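Q: Could you walk me through this one slowly? I am new to reading structures.

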Amino acid sequence: MRKVFFLIFLSTIILGACGGFSLGDGDTSSGGTGDPEDGTAQEETIVLDFWTFWGSEQRRPVIDQIIEDFNTSQDEIEVRHTYTPWGDIWTKNLAAIAAGDPPDVIINDIMTVKLRAEEGQIEPITEFVQDEVSGRFYDQMMDAAIHEDEIYALPFNTDTQILFYNKDLFEEVGLDPEQPPETWEELDEYAAQLDIEEEGTYERIGFYPLIGAGTDIWVLNALGENYLQDDGEVLIDTEPVHETFNWILDSQDKYGQNRITSVNSQFENAQQDPFMSGDVPMMVQNANYYVQLRDFAEDLNFGVAPLPERVPGNGNTSWGGGFVAEVPMGASNPEASYQFIEYLTSHEAQLYWAEQNFDLVAHEEAGVSAAGSGEFDDSGQEVYTQMIENMDETLLTPQPVIAPDYAGTVNPIFESIVSGNTDVESGLEQAQSELEQLVEDNR
Amino acid sequence: MYNTRKMKFWKSFNLILLIIGSIFMIAPLFWMVSISLKSLEEIYRGGFNFIPEDIQFSNYAAVFEIVPFFTYFVNTSMITIFVVLGNVFVNAFIAYGFAKIQFKGREVLFIVVLSTMMLPGFITLIPQYVIFANLGLVNTYYPLVLPAFLGSAFNIFLLRQFFKGVPNSMIEAAKMEGANHFYIFFKIALPMVKPALFTVAIFSFNGVWNDFLGPLLYLNDESLYTLQLGLQVFKEQSSTQWHYLMAGSLMVLFPVIVLFFLFQKYFISGSNILGQTEEK
Amino acid sequence: MNKKKENLFGYIFISPWIIGFLALTLGPLLFSLYGSFTNYNVVSRMDFVGFDNYQELFTNDNLFWVSLYNTFYFVIFSVPLTTILAILISTMMNQDIPGMRIFRTIYYLPAILSGVGVYLLWMQLLDPSTGLINQFLALFGINGPNWLFDPDWAKPSLIFMKLWSAGGAMLLYLAAMQGIPKTFYEAARIDGATNVQMFFKITLPMVSPIIFFDVITSTIGSFQIFQEAYVMSADNAGAPENSLLFFNLYMWIRAFNLFDMGYAMAMSWILFIIVLLLTLVNFKLSKRWVHYEGD
């Protein structure tokens, strides 16, 4: 018993010394006025809370530097950065919005801007955005930030899917390392040359569409547009999609489902990287993958190319995502928040971010400057240039307000087709009708 | 007399079984240690080597550099001390009420207690957040600590089961001598369920030490963050820094293992108390 | 008079819980009940829609039934298996064998190892080709399944993982077993009882209140399985082929990805009713097999 009292006694002492229990500084999130850090009460400073999920040793210093530059560039606004874990940051944001005390600026997913705007979670910033600013970005990104003629966010960064191929292995089997495949047919031909088969199992998998990429990317690539149109039209039960699945299944038949699963799972679990190890000489991946190759596979001689097209002339359509900076609903000073957002997406900040993180930034010109940046070596410049060129044919697929859960309806059916539990014909028919039904219900 | 040879056989059979089981239990932990000592390069290269080619103890030091580990350790300990104390004593108090006092509406109220466990936490998460926000308690430790002093269904139920084992005859006898329930609770019942109290202590220590959602929601200031929040920096949208994540997780785990190891002696002593009372 | 005093003491003892319930729990509970009859979206909308959400769930939502099936599957296998395993482990742990403290620590380890890091670790262990588990099976010439990548094996994978951490409940049973007076066993032994007989005649009845507790709480907990599935399914949404789409995962997607909070609240109350009924049945049945030493 005495020990217990001692413990209580001890903890009351610690309690006094610990910030977590003092009520005074409970409300740090404000956006209102407050004293600057040094406490000198010269002019009233607006304090902005800025939430990101960039906490790693790689990204954190970069964003902190950008914030510091902004803070020193003027003396009305002081931005305070809070790292909040990836993914969960948005749960926390939602709770904070519900309680009426959200951060002033947050980094959020570009795919869901329209949906969240519809649900009233974002402050519109249309009145602050000048044409000069909204013209900075890739069109498809700016489009994703607009809902019913109101601007809700400014794009920050993006990504795009490209083909990575192993030049040394190309050379080894007599392919020209400067001539990557341009069509699906060529992909298959090259793959056949690169394959290594021993006693019925493929030691080397020349190319399998679903290593690194998902079915949705190939469907997008085949169609040249999303299978769910903005107006609710569904394009799943169509010739190009049928062809996509047949192509994937043919390839799967060749390599065998088990072999594919084993390679794919290793990739997903980061147990092993089959591209780095040379087991898979061609693969479609997010272009950011370059960073891993740069850091962990120094000797690998690789090239990059746009996604091959289904048939010549069909287009090399690729898929991208990204993040935006936005003002959560209920933030107390949207105008000040916007000032900071504008700085975040300025040429200067975007170029810095691009150079330090090898991230494709939303600011078109900043991206072009980054492509020639001395911060990158030759192959870095080559990949970055490829990313920029790829943006011409990169589509974003924002969650449509008309059927935000469309992927949840369709993906399991796609999975079932690929695993062989459903055949292509009936699977696509089912997906088509279920999605049409969903759109109908939501109307 | 009981066959001692047979007993010996059972004991060694048991021992072998325990050892085999231990291997299964501990293998994932070794795997964790293995990853925590690899370089990220080696992890990506793959292959199935348990012992890293190039052992990187520096991973552990790096975790300290990237995460303010010590601050988070102090923060987490602070929250943990209060939550464990609250959980053990307040829940024991409540549980005794449900187990050994015949008051009106007891059965129904107990079902209500249990039913608070049945609604998924994230459904009430936002309304609860709003309550704490209105009380001005967001960004303090109060939302994390306060509920521990107001009872938790799991622990109430657990301790009730143990209090039910306290013989009614003893309570009646004490009452005859003029003792009230407070006296009986502190002097008779509580000492008898000591092993259960330590169980609750360990469970709630474990729970609060590893809690993620609570600190995530209620703490806005990074200087107040806990270890579990700190570990998340190794997991970003597209990549995971496996070596740091595992090294960090192991360091977070370490105090729990040590504590559990040390706490076990109280299990033994707890049994003696009941044994003694029986013998008297 | 005495009765009144007894009542008063009862309420005093449970008062902390009453305060907590009224201040922190009841409000959100009623709010979510009301919310289940609205199109609540957390921020801007909360219009009364009657039984629309419930009707939609029962008549027009395939995923609701899929998630319910998955959840029942998980509960039916994982609860009995983990309970039995925990009792067996504890029985073995409850004796004087050299190094028992170390054994206990080892068996309890998996229960301490929780959180996202561990689920990521298990994804590695369950990897079809390089994972520790299939490597181990290969030693015996067994070609292990594709675990999390096979819709038929995904749920068993999670059950398997749960079994691994059965040592957590060991703590409960040990605490209960330590309370069984040694004299009981000594007396039985003199009567010539075997180990197995003593286990069924003494140990099991004496720990039955804890078995009861364990079954109730792990049933409630298993119905709410969420984080494992969220982390371990490839798309965080129940892949492959919805085999890991558990009730709470689907509810989460509805609530926090699609902001259909009202709909999610309706789901939560359906689950609430199911679990409550099961618990009440359990309580009724418990009178037959749970033995309280003190009563």
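A: Let us begin with a term: helices are DSSP runs of H or I with at least four residues, strands are runs of E with at least two, and both are numbered from the N terminus. Please keep in mind throughout that this is a predicted model.

Q: OK, so what pattern does chain B follow along the sequence?
A: Read from start to end, chain B runs α-α-α-α-α-α-α-α-α-α-α-α-α-α, which comes to 14 helices and zero strands.

Q: And why is chain B said to be more spread out than a compact globule?
A: The globule rule gives 19 Å for 280 residues, whereas the radius of gyration of chain B is 24 Å, well over that value, so chain B is more spread out than a compact globule. Along its principal axes, the C-alpha trace of chain B spans about 75 × 70 × 30 Å.

Q: How much of chain B counts as buried, then?
A: Of its 280 residues, 50% count as buried. As for contacts in chain B with a separation of 6 or more, 77% of them are accounted for by residues 24 or more positions apart.

Q: Switching to the contact with chain C: how many residues does each chain give?
A: Chain B gives 85 residues to that contact, while chain C gives 75 residues. Several helices of chain B each supply at least two residues of the side that touches chain C, including α1 (4–36), α4 (69–100), α11 (194–209) and α14 (242–279).

Q: What classes of residue are on that side of chain B?
A: The side of chain B that touches chain C has 55 nonpolar residues, together with 25 polar and five charged ones.

Q: Which residues of chain C does UniProt list for a domain?
A: An unreviewed UniProt entry lists residues 68–282 of chain C as "domain: ABC transmembrane type-1". Over residues 68–282, chain C is 73% helix and 0% strand, and the end C-alpha atoms are 20 Å apart.

Q: Now chain A: what domains is it divided into?
A: Chain A is divided into domain 1, made of 34–157 + 321–387, and domain 2, which covers 161–318. The C-alpha centres of domain 1 and domain 2 of chain A lie 33 Å apart.

Q: How many residues are in contact between those two?
A: In chain A, eight residues of domain 1 are in contact with seven residues of domain 2. Helix α16 (residues 378–390) of chain A gives the most to the domain 1 side, with five residues, and the residues of that side divide into four nonpolar, two polar and two charged.

Key:
Residues numbered from 1 in each chain as written. Chains lettered and ligands numbered in written order. Predicted model: local features only at pLDDT ≥ 70, side-chain atom pairs only at ≥ 80, totals over all residues. Rg over C-alpha atoms; globule rule 2.2 N^0.38 Å. Buried ≥ 20, exposed ≤ 12 C-beta atoms within 10 Å, placed from the backbone. Nonpolar A, V, L, I, M, F, W, Y, C, P; charged D, E, K, R; others polar. UniProt positions renumbered as here; feature names shortened; annotations may be inferred. Domains from an automatic or database assignment.
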